[in-house]
Amino acid sequence: MTAWNPENVRQDFVLLQNTDRVYFDNAATSQKPKCVIDAVQEFYEKYNANVLRGLYPLSVEATERYENARKTVQRFIHAACPEEIIFTRNATESMNLVAYSYGMANLKAGDEILVSILEHHSNILPWQMVSRATGAKLVFLECEPDGTIPKEKMDEAFSEHTKLVAVTQVSNVLGCVNDIPELVKRARACGAVILMDAAQSAPHMPIDVQKLDVDFVAFSGHKMLAPMGIGVLYGKQELLEKMPPFLTGGEMIETVSRYDAVYAELPHKFEAGTVNAGGAVGLAAAIDYLESYGMDTLHAVEQELTAYLFRGMNAIPHVHVLGSQREDNHTGIVSFTVDQVHPHDISEVLSSDGMDIRAGHHCAQPLHDHLGIHSTARASLMFYNTKEEIDRFLESVSNIRRRMGFGNE
Ligand code: PMP
């Protein structure tokens, strides 16, 4: 394992070298280290051919690299076998795959789909669609203002009709970590399957899908140092085996006749058309990079940075941090409001000071409605950020109201 050295780490990110801006929009997408960019370039320079098709050496080599990337993802999340790893475009596509394939085939009127109010739109809209198409009822699992889902709310929401639970591990607005083991226990008790959105957790903490005993897990490569356009769906083999394909066409078949087809085995049954092999190779390089430090080390580094930001923000008058008041329950995400200042103006003022953050509803409008706010500003960190950047950020935040013509008293 490589020793942790923040100075060296920043050297690995070319974009961070050539700017004096502070990049605090990591929950939207992370920056990419040079080794990831190099791995993608090497794939296209040395191994580019369509995978799983040609019998000539170049295609065989490309296929080998693509399938090795799958094994790297398997190892990263501790899946039982590579067949349980499906490459998709992103977390959104992964969750749609579960909805269209598992949801449409297994849910019916009288069943209930349980979705937490903390979800990103990409784990709500597919279930709205399944609910409309099948007659299954969409039920929401409510949270407290700090983001926790109390056991009483679980008691209210779960029922003998619950057949699918769709829940995020980490909220992209509040940064809080959901009690997945408790939710799995309750899903099992009513015979439901559970889909965990790991878009905001896979980049920041170790995940063991077997220990968690979740049925499906979705995440995106681009939030964890990999290129855009490559994502992952993990599914338990026995479930994936029984599910119909999501998309159909080339690459996902054994044989095709005029009116019928025999589908390929897992995982290719779910990977129709030419795949993003370069993206998968980039994702494997990103995982190797993360693992060279260790997810525990990176988690600890990010927790310390987040606590520093959280404490600094809480000390600024008129600034309100959303979610947990525990500094260790934010997973790099500090969403906030400033009295009388619209989040878009917050973002404008910070941008003029060289700070890149996000303002809006962060694709979580139902959560914002539930919390009674229209929009928020969000700063989100990654291990390559520094305390010096946070100091600059805090200085800038403390001047927002004055810059907008309000006092700070
Ligand atoms: N879930 C969560 C919790 C997210 O934060 C995001 C990205 N903001 C997504 C899902 C969707 O990710 P993508 O756009 O990469 O599909």
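Start by selecting the lining of the largest pocket in this predicted model, where the residues divide by class into 8 nonpolar, 11 polar and 4 charged. That lining is made up of 23 residues in total, and if you centre the view on the pocket you will find His 120, Asn 172, Ala 199, Gln 200 and Lys 223 nearest its centre. The space enclosed in the largest pocket comes to about 280 Å³, and the largest share of its lining, 3 residues, is supplied by α5.

Now display the ligand, since the space that the ligand takes up is this largest pocket. Select next the shell of 14 residues around the ligand, among which Thr 92, Asp 197, Gln 200, Ser 220 and Lys 223 come nearest. Colouring that shell by residue class gives 3 nonpolar, 9 polar and 2 charged residues, and helix α5, which runs over residues 91–106, contributes the most to the shell, with 3 residues.

Stay with the ligand and turn to individual polar atoms. At Ala 91, look at the backbone, where an N or O atom lies 3.4 Å from an oxygen atom of the ligand. At Thr 92, show the side chain instead, because a polar contact is counted for N or O atoms within 3.5 Å, and here a side-chain N or O atom is 2.5 Å from a ligand oxygen atom. Then move to His 222, whose side chain places a polar atom 2.7 Å from an oxygen atom of the ligand. Taken on its own, the ligand has 390 Å² of accessible area, and 87% of that area is covered by the protein.

Two backbone features are left for the end of the tour. Most residues other than glycine have a negative phi, and most peptide bonds are trans. Select His 78, which is not a glycine and yet has a positive phi of about 60°; you will find His 78 in the loop that connects α4 (57–77) with β2 (85–88). Finally, select Leu 266 together with Pro 267, and inspect the peptide bond that joins them, which is cis, with omega at about 0°. Pro 267 itself belongs to the loop between β10 (261–263) and α11 (277–293).

Notes:
Residues are numbered from 1 along each chain as its sequence is written. This is a predicted model: local features need pLDDT of at least 70, side-chain atom pairs count only at pLDDT 80 or more; totals for chains, interfaces and linings use all residues. Side-chain values use heavy atoms; hydrogens and water are left out. A residue is near a molecule or strand if one of its heavy atoms lies within 4 Å of it. A polar contact is a pair of N or O atoms within 3.5 Å; within protein, one must be able to donate a hydrogen and the other to accept it, and residues adjacent in sequence count only if both atoms are side-chain atoms. Accessible areas come from the Shrake-Rupley method with a 1.4 Å probe; for residues, only the protein chains shown count as cover. On a 1 Å grid over the protein atoms alone, a cavity is a set of points where a 1.4 Å probe fits but cannot get out, and a pocket is an open set with protein on both sides within 12 Å along at least five of seven lines; lining residues have an atom within 4 Å of a point. A molecule sits in a cavity or pocket if more than half of its atoms lie within 2 Å of its grid points. Helices (H or I, at least four residues) and strands (E, at least two) are DSSP runs, numbered from the N terminus. Ala, Val, Leu, Ile, Met, Phe, Trp, Tyr, Cys and Pro count as nonpolar, Asp, Glu, Lys and Arg as charged, and the others, Gly among them, as polar. Grid points are joined across faces, edges and corners, and a volume is the space filled by probe spheres set on the points.
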